[in-house]
Amino acid sequence: MKVAVLGGTGRMGGAIAMQLSRRNEVVIGSRDRARAQEAAGKVDGATGTDNLGAALAAEVAVFAMPYEGLGAASELASALAGKPVVSAVNPLKLEGGFFRYALEKGSAAEELARLLPGSRIATAFNHVSSLFFEKGEPVAMDILVATDSRETFEVVAGLVRSVPNLRPLHAGPLSEARVIEQMTPLELNLAKLNRTGSLTTRFVSVRDER
Ligand SMILES: NC(=O)c1ccc[n+]([C@@H]2O[C@H](COP(=O)([O-])OP(=O)(O)OC[C@H]3O[C@@H](n4cnc5c(N)ncnc54)[C@H](OP(=O)(O)O)[C@@H]3O)[C@@H](O)[C@H]2O)c1
């Protein structure tokens with residue numbers, strides 16, 4: 001698929017772009033076209049342009065910018081109309097050395113859905129540190145995807161499966177994005193308090209055979 005990674009000049013966007021470029025055509029977006037082109041030079045087969053150009057060119061877009069930058073999404077509303085759009089955005093704050101979720105209610109993904117009323121919003125990749133994606137094949141992990149339609153889930157699940165060792169899990173409607181976004185401060189605090197290095201999620205299962 002042709003995937004725009006908006007904010008793809010950053011740490012998370014660059015790492016996601018690198019992994020997605022294995023099986024997708026990646027367009028890196030930035031507020032600054034030259035910066036996007038420079039970032040694209042580090043990703044096999046990727047191109048770079050401004051966020052609007054990337055949004056227009058893409059079949060699906062991934063938002064990988066800070067929560068504070070989300071407001072600018074409304075300028076991309078018509079370019080992204082009808083398209084699946086993935087939010088990897090986590091609203092976080094640091095209080096006394098402890099990470100906390102920054103929103104009283106709702107989630108970044110639901111806010112994105114309000115800013116892009118014609119798009120099919122999903123949340124995914126939120127709870128994985130860029131460190132897992134920066135080099136080679138990632139370790140086996142689960143990527144939680146919340147979105148309101150099965151069809152959108154299938155598109156995003158396909159993107160997730162295009163990266164080796166990633167398993168997409170349907171986590172329910174977009175209203176569940178708040179729970180998924182809140183996993184990030186939990187993982188950051190667990191890593192810090194227990195000195196484990198970055199943590200992510202892999203669920204284990206057992207079937208009831210009784
Ligand atoms: N880092 C991680 O490990 C990680 C893991 C999971 C999820 N996330 C989430 O992914 C998002 C990006 O994280 P990051 O660490 O990669 O952040 P970052 O490096 O600080 O920012 C990513 C890019 O966003 C663009 N940007 C910055 N401020 C902006 C604004 N006000 N408006 C529009 N664009 C802006 C910048 O690109 P240009 O200046 O080129 O436009 C920047 O290179 C965050 O929401 C974060 O919560 C990060």
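**Note on the sheet, its helices and the ligand shell**

1. Start in strand 9: the bridge partner of T123 there is A146. Strand 8 and strand 9 pair in the antiparallel sense, over two bridges. Keep in mind that this is a predicted model.

2. Strand 8 also pairs with strand 5. Here the two run parallel, joined by four bridges. One residue pair to look at is V86 with its bridge partner A122 in strand 8.

3. Is strand 8 covered on one face or on both? Both faces are covered. R120 and A122 lie on one side, I121 and T123 on the other, and all four residues are buried. Two of these names have already come up: A122 as the partner of V86, and T123 as the partner of A146.

4. Now the whole sheet. Eight strands make up an open sheet, in the order 3-2-1-4-5-8-9-10, with mixed pairing. Strand 3 (47–50) and strand 10 (166–170) are the edge strands, and each pairs on one side only. From one strand to the next, the twist averages 25°. As general background, strands of a sheet pair through backbone hydrogen bonds, either parallel or antiparallel.

5. Helix 5 (residues 150–161) packs on this sheet. Which strands does helix 5 touch? The list is strand 1 (2–6), strand 4 (60–63), strand 5 (84–87), strand 8 (120–123), strand 9 (141–147) and strand 10. The direction of helix 5 makes about 155° with that of strand 9.

6. At the strand 3 edge, the neighbor is strand 2 (residues 25–30), paired in the parallel sense over four bridges. S30 has D50 of strand 3 as its bridge partner. S30 returns below, at the ligand.

7. Helix 2 (residues 33–40) has A36, A39 and A40 buried. They sit on the same side of helix 2, because they cover an arc of only 100° around the axis. The general rule is that an α-helix has 3.6 residues a turn, so residues three or four places apart point the same way. What covers the buried residues of helix 2 includes helix 1, strand 2 and strand 3.

8. Finally, the ligand. Which of the 24 residues around the ligand come nearest? They are G7, G10, S30, G69 and N90. Helix 1 (residues 11–20) supplies the largest share of the shell, three residues. By type, the shell divides into nine nonpolar, ten polar and five charged residues.

Note on methods
Residues are numbered from 1 along each chain as its sequence is written. This is a predicted model: local features need pLDDT of at least 70, side-chain atom pairs count only at pLDDT 80 or more; totals for chains, interfaces and linings use all residues. Two strands pair if DSSP finds at least two bridges between them. Axes are lines fitted to C-alpha atoms, for helices over the stretch in contact, and angles run from 0 to 180 degrees between N-to-C directions. Two residues are in contact if their C-beta atoms, placed from the backbone, lie within 7 Å. A residue is near a molecule or strand if its C-beta atom, placed from the backbone, lies within 6 Å of it. Ala, Val, Leu, Ile, Met, Phe, Trp, Tyr, Cys and Pro count as nonpolar, Asp, Glu, Lys and Arg as charged, and the others, Gly among them, as polar. A residue is buried if 20 or more other C-beta atoms lie within 10 Å of its own, exposed if 12 or fewer, and partly exposed in between; C-beta atoms are placed from the backbone. The arc is that of the directions from the helix axis to the C-beta atoms.
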